[in-house]
Amino acid sequence: MIPISTSRLREAAAREPLGLYLHVPFCRDRCTYCSFVTTRDESLKEAVLGRLERDVRDWGGRLGRPRVDTLYLGGGTPSLLTAPELARLTGAAREAFDLRLAEATLEANPGTLDLPWLEAARALGWDRVSFGVQALDDVLLERLGRIHDSAAALEALDWARRAGFSRVSADLMVGIPGQRLDRVLRDARTLVEAGASHLSIYLLDLDKACPLRGQVDSGKLALPTEDETADVFEALQAEVPRLGLAPYEVSNYARPGQESIHNSRYWERRPYLGLGPNAASQLGDWRWTESGVITAWAEDRGRAEVQELDAAEALAELPLLGLRMHRGVHWGELRARAAALNLTPLAEAWEAQLEPFVKAGILLRDGEVLRFSARGMLVSNGVLEIFV
C-alpha cells in the first residue's frame, strides 16, 4: 500500500468524484514503436488480473467507497480480455466504488475483438470505445507492427456502432516514415465517415529504444522532417473541423459532447486513481506510480514512487496542463491562486516569460484568458517547458 495515512487519502478522495484507471498490460504482439509497459506472456494473466481485482477492492475500502464518475480501461490491449474476465473486473469496480459514471471507456485494438465481445462490453455498462487504429495504409500498419489491417479497423468501427456504442474514438498517428499528407487527410475523413466521433492525433514518438528507432538510426527508414510533420498537423487542423469534430486539446478533436471526460480530468488536474503496473494516481497533493515491472507488480513486490507536490509545483501544473486545452487558462484566476499561496512573484515571472510568445502570435490573449493559437499548438512543448 502507499505510505500515506488512510485518513488523509479519504479526505482527499471525498472532495470530488474520482476517475478510476485500470491498466491491462497484455498485447498479442509488440508494435515497432512501443515503449509502454506491456507483455506478450499470457501465463501472467491470472496473476495480474488477480492482483488488479484485489487492488480494486482494497482501494475501494481504504478510500471509503468514494464516488467515481469516469472509468477507463487502458493498456496494453484490454480487448484481449475475455468477456468473463471483463465482467469480473467491471463487477469488482462496481462493488468497491460508488460508480455514478458520466463515461466508461475501454481501449481496443482491431484484430483482437468481434461483435459479440463489443456487445458484451456494452451490456456491462461500457459506453465509450477507443480504437488504436494509427493509420489506414496497410504498408504503414505493417511498418508499425500493428496486427490489424485497414479493413479490420473499419470493420471494428462498424461493430462498435452495431453493438450500441455512440461514443467511438480512433487514434491517428502522424510522422510515420513514408506517410503522405494526402493519405493522412483521407484517413481522417474515412474514420469519421465510418463512425468515429472523436479523433486523437498523435506524433510518432521514438524517444525511447524500440525496433522502429533502430531502423531509423541505421538509415533503413527516414522520419519526415519537422516542416513536413508541421504541414500535416496544420492540414489536419483545417480538415478535421470541417468533418464536424472541433479541437478541444492539442491532440484531440471531438463532436460536441463527445470529448473524453476521463482524459480531460488529467489536463484539468482533477483527482484520479490508477491501478495496474505502471499506473499513475493523483489524490490531493500526492502523486504516485505503481511499479512498471509486471512480474514484480503482480506478486506485490514492486514499490510505488510517491511524490508530494509543494505549492509551487502544484501551481505550475495549472498552466502546464491547462494550456493544452483549446479553451486555455484564465490567467486572472491563476494570479489570484498564486496570491493566496504567496507565490505572486512566480506567476509574474511566468507572465514575463510568456509575453514574447504572445507578441509572436504563438499565444493569444482574450481578456484574462491565455491560449495557444493554431500555429502555437505545433510548438506548444517549447512553451510549456517554462512550467517544468
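Q: I'm looking at two helices, α4 and α6. What is their orientation to each other?
A: To read a helix pair, look at the angle between the two axes. In this predicted model, α4 and α6 are oblique to each other. Helix α4 covers residues 115–123, and α6 covers residues 150–163. They pack at an angle of about 40°, with their axes 9 Å apart. Angles under 35 degrees would count as roughly parallel and 65 to 115 as roughly perpendicular, so about 40° falls into the oblique class.

Q: What is the handedness of the crossing of α4 and α6?
A: Handedness tells you which way one helix is turned against the other. Here the crossing is right-handed. To find the contact on screen, pick out Leu115, Leu118, Glu119 and Arg122 on α4. Their partners on α6 are Ala156, Trp159, Ala160, Arg162 and Ala163.

Q: Next, cores. Which residues touch the most other members of the largest nonpolar core?
A: For a core, look for buried nonpolar residues joined through their side chains. The largest one has 78 residues, and Phe131 and Leu199 are the two that touch the most other members. Helix α6 turns up again here, giving the most to this core with six residues. Apart from it there's another core, of 22 residues, including Trp350, Leu354, Leu363 and Met377.

Q: What does leucine 199 touch?
A: Leave out residues up to four places away in sequence, and you get Ala170, Ala188, Leu191, Val192, Val240, Leu245, Ser251, Asn252 and Tyr253.

Q: Is leucine 172 buried or exposed?
A: Check the relative accessible area: under 20% is buried. Leucine 172 has 1% relative accessibility, so it counts as buried. You'll find it in strand β5, residues 167–174. Its contacts, again skipping residues up to four places away in sequence, include Gln134, Ala135, Val184, Asp187, Ala188 and Leu191. Ser200, Ile201 and Tyr202 are also among them.

Q: How far apart are leucine 172 and valine 129 in sequence and in space?
A: You can count along the chain or go straight through space. Leucine 172 and valine 129 are 43 residues apart in sequence, and 15 Å apart in space from C-alpha to C-alpha.

Q: How many disulfides does the structure hold?
A: Look for two cysteine sulfurs within 2.5 Å of each other. This structure has zero disulfides. For cysteine 34, the nearest cysteine sulfur belongs to cysteine 31 and is 6.1 Å away. The sulfur of cysteine 210 has its closest cysteine sulfur in cysteine 34, but 8.3 Å is too far for a bond. Cysteine 34 is buried at 10% relative accessible area, and cysteine 210 is buried too, at 11%.

Q: Now the backbone. Which peptide bond is cis?
A: Most peptide bonds are trans. The one from glycine 75 to glycine 76 is cis, with omega near 20°. Glycine 76 sits in the loop between β2 (67–75) and α3 (83–96).

Q: What is phi of arginine 65, and of asparagine 342?
A: Most residues other than glycine have a negative phi. Arginine 65 has a positive phi, near 50°. Asparagine 342 has a positive one too, near 60°.

Q: Where is each of these two found?
A: Arginine 65 is in the loop between α2 (45–62) and β2, and it's partly exposed, with a relative accessible area of 42%. Asparagine 342 lies in the loop between α13 (331–340) and α14 (344–359). With a relative accessible area of 70%, asparagine 342 is exposed.

Notes: Residues are numbered from 1 along each chain as its sequence is written. This is a predicted model: local features need pLDDT of at least 70, side-chain atom pairs count only at pLDDT 80 or more; totals for chains, interfaces and linings use all residues. Side-chain values use heavy atoms; hydrogens and water are left out. Buried means under 20% relative accessible area, exposed over 50%, partly exposed in between (1.4 Å probe, protein chains only). A nonpolar core is a set of buried Ala, Val, Leu, Ile, Met, Phe, Trp, Tyr and Cys residues joined through side-chain atoms within 4.5 Å. Helices (H or I, at least four residues) and strands (E, at least two) are DSSP runs, numbered from the N terminus. Contact means heavy atoms within 4.5 Å. Axes are lines fitted to C-alpha atoms, for helices over the stretch in contact, and angles run from 0 to 180 degrees between N-to-C directions. Angles under 35 degrees count as roughly parallel, over 145 as roughly antiparallel, 65 to 115 as roughly perpendicular and the rest as oblique. A crossing is left-handed if the near helix is turned anticlockwise from the far one by less than a right angle, and right-handed if clockwise.
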